[in-house]
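Thank you for making time this morning. I would like to walk you through a few helix contacts and a few individual residues, so please keep the sequence and the model in view while I talk.

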Amino acid sequence: MTEAPPRRRFVDISPLREPAFGRLWVGGAISGIGAQLTIVAVGLQIFDMTGSTLAVGLVGGIALIPMIIAGLWGGVLADAFDRRRVLIVSSLVAWVATLGLVALSMADTATRGSEHAIPVWPFYVVTTLATVAATISGATRAAITPRILPQHLISRAAALSGISLGVQLTLGPALAGVLVATAGFSITFAVDAVLFTAGFLGIVTLPALKPDGAAPRAGLQSLRDGLAFLRQAPNIRTSFLVDIVAMTFGRPFALLPAVAALAVGGGAITVGILTAAAALGTFLASLFSGPVAHVHRYGVAIARSIMIYGGCVALLGTVVGVMQTGWFGPVGESFGEVNVPALVIAAIAMAGTGASDEVSAIFRSTMMLTATPDAMQGRLQGIFTVVVAGGPRLGDLYVGILATAVGLWFPPLFGGLAIIALIAVIMRAQPSFRNYDARNPQP
């Protein structure tokens, strides 16, 4: 009989004791800080060149369709070829793209104001190339995890990934701001190129990860086979669906500038506090993820965490609605004009969204990694990339339309309640997901 793992409160670092995963995780965390640094620095660079918020927004807009294609195709490549080799090639392409940003930034500095000043479109080309490479790397990296870890450690690995992401999202943007202000854009991008080496060392030291058995031929038929498998995998399919529900109706980030200006007050500082609160929630949920080892009913755990997420989003909407009544006095863009109680409650709500989303992500990721056959891991990770990319953008569209048509408070309040109701309906309609037991993983 297998001895039950000891109960713990904090995150279980046992996966890091597996040499291949430990090196991959540490390298990914360090290089991920550089990647987040570059995401922020690119936006600052383009705004510095154009003075246009639209031009900055086009960085993500132009890269969206290529990113979706890369996610699907990258999953096909990860199943057809040695995953270590796919990860090496895609990572090198991302590194070359970063070096391209260094060169473009230096050229912009040298030619700014002259008739030979470089246009902005090369930055779009290079950042799109970096996004495509990073998307393929991400799908492949996730598909590697069940090959280098025993099954009982995968949920702990998912929790560690949350810690890594929290560190990246916290340190990367902060480092970008400091470096851009003190050293300039070229040095900032060069720092990313240097940090990349840590991630690359974690990749090149991986063992060969060739497909088990007969490898599928890379092509459209392989992608069709992945989609066909998903149609026959109700639990994984439902995990995608509940994530889309949460991201479509519960993405408040696009509202935060208006919330800070019109409802809570405090301007840019308030936006920073609320954004950081969500990241802190993610980090704390990962840090205190020890109990996940003793949870087996993943479907129930996912549903409950997403319902809590919906409640936190609705709380934010309630705060905004109450503040917009004007009963608690005027607020303004200066941080001296912030309503402190409202800011505290809103920050708690945002921290709750980060924590509950991370709990859901741990169980959804573990379900997919343990219930999906290895031969399908890459393609399923690729499809999941499309879900992750599409859901937040649908959410931004949802809040933008309803905030304009009804009011700033309506999208989060209605969306949070809609999440709770829709998850309840999905759980009732999908008994296999409701009864999912991690001790007998079924797709």
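Leu24, Thr38, Val42, Gln45 and Met49 in helix α1 meet Leu87, Leu101, Ser105 and Asp108 in helix α3. Sorted by class, the residues of this contact between α1 and α3 are five nonpolar, three polar and one charged. I should say at once that what you are looking at is a predicted model. Two packed helices are described by the angle between their axes and the distance between the axes. For α1, which covers residues 19-50, and α3, which covers residues 83-111, the angle is about 35 degrees and the axes are 12 Å apart, and α1 passes α3 in a left-handed crossing.

Let me move on to helix α5, residues 154-182, and helix α12, residues 340-371, whose axes come within 9 Å and cross at roughly 135 degrees. How should we describe α5 relative to α12? That crossing angle makes α5 oblique to α12, and the crossing in which α5 passes α12 is right-handed. On the α5 side the contact is made by Ile154, Ser155, Ala158, Ala159 and Gly162, while α12 contributes Glu358, Ile362, Ser365, Thr366, Leu369 and Thr370. Taken by class, the residues where α5 touches α12 comprise five nonpolar, five polar and one charged.

While we are on α5, please find Ser164, which lies in that helix. Is Ser164 buried or exposed? Its relative accessibility is 7%, so Ser164 counts as buried. If we set aside neighbours within four places in sequence, Ser164 is in contact with Trp25 and Ala29.

Both α5 and α12 come up again when we turn to helix α10, because what covers the buried residues of α10 includes α5, α9 (256-263) and α12. Helix α10 runs over residues 267-287, has 21 residues, and reaches 30 Å from its first C-alpha to its last, which is close to the 30 Å expected at 1.5 Å a residue. Among the buried residues of α10 are Gly267, Thr270, Leu274, Ala277, Ala278 and Gly281.

The next pair is helix α8, residues 234-249, and helix α14, residues 410-429, with axes that come within 8 Å and cross at roughly 165 degrees. These two helices are therefore roughly antiparallel to each other, and the crossing of α8 and α14 is right-handed. From α8 the contact involves Thr238, Leu241, Val242, Val245, Ala246 and Phe249, and from α14 it involves Pro411, Gly415, Gly416, Ala418, Ile419, Leu422, Ile423 and Ile426. The class count for α8 with α14 is 11 nonpolar, three polar and no charged residues. As for α8 alone, this helix of 16 residues reaches 22 Å from its first C-alpha to its last, close to the 22 Å expected at 1.5 Å a residue. Its buried residues include Asn235, Thr238, Ser239, Val242 and Asp243.

Several of those names return with my last residue, Phe433, which lies in helix α15, residues 431-434. Phe433 is buried, with a relative accessible area of 0%. Which residues does Phe433 touch, not counting residues up to four places away in sequence? They are Asn235, Thr238, Ser239, Gly299, Ile302, Met367 and Met427. Finally, Phe433 and Tyr298 are 135 residues apart along the chain, and their C-alpha atoms are separated by 8.1 Å.

Notes. Residues numbered from 1 in each chain as written. Predicted model: local features only at pLDDT ≥ 70, side-chain atom pairs only at ≥ 80, totals over all residues. Heavy atoms only, no water. Axes fitted to C-alpha atoms, helices over the stretch in contact; angles between N-to-C directions. Helix = DSSP H or I, 4+ residues; strand = E, 2+ residues; numbered from the N terminus. Parallel < 35°, antiparallel > 145°, perpendicular 65-115°, else oblique. Left-handed = near helix turned anticlockwise from the far one by under 90°. Contact = heavy atoms within 4.5 Å. Nonpolar A, V, L, I, M, F, W, Y, C, P; charged D, E, K, R; others polar. Expected span 1.5 Å × (residues − 1). Buried < 20%, exposed > 50% of the residue type's maximum accessible area, 1.4 Å probe, protein only.
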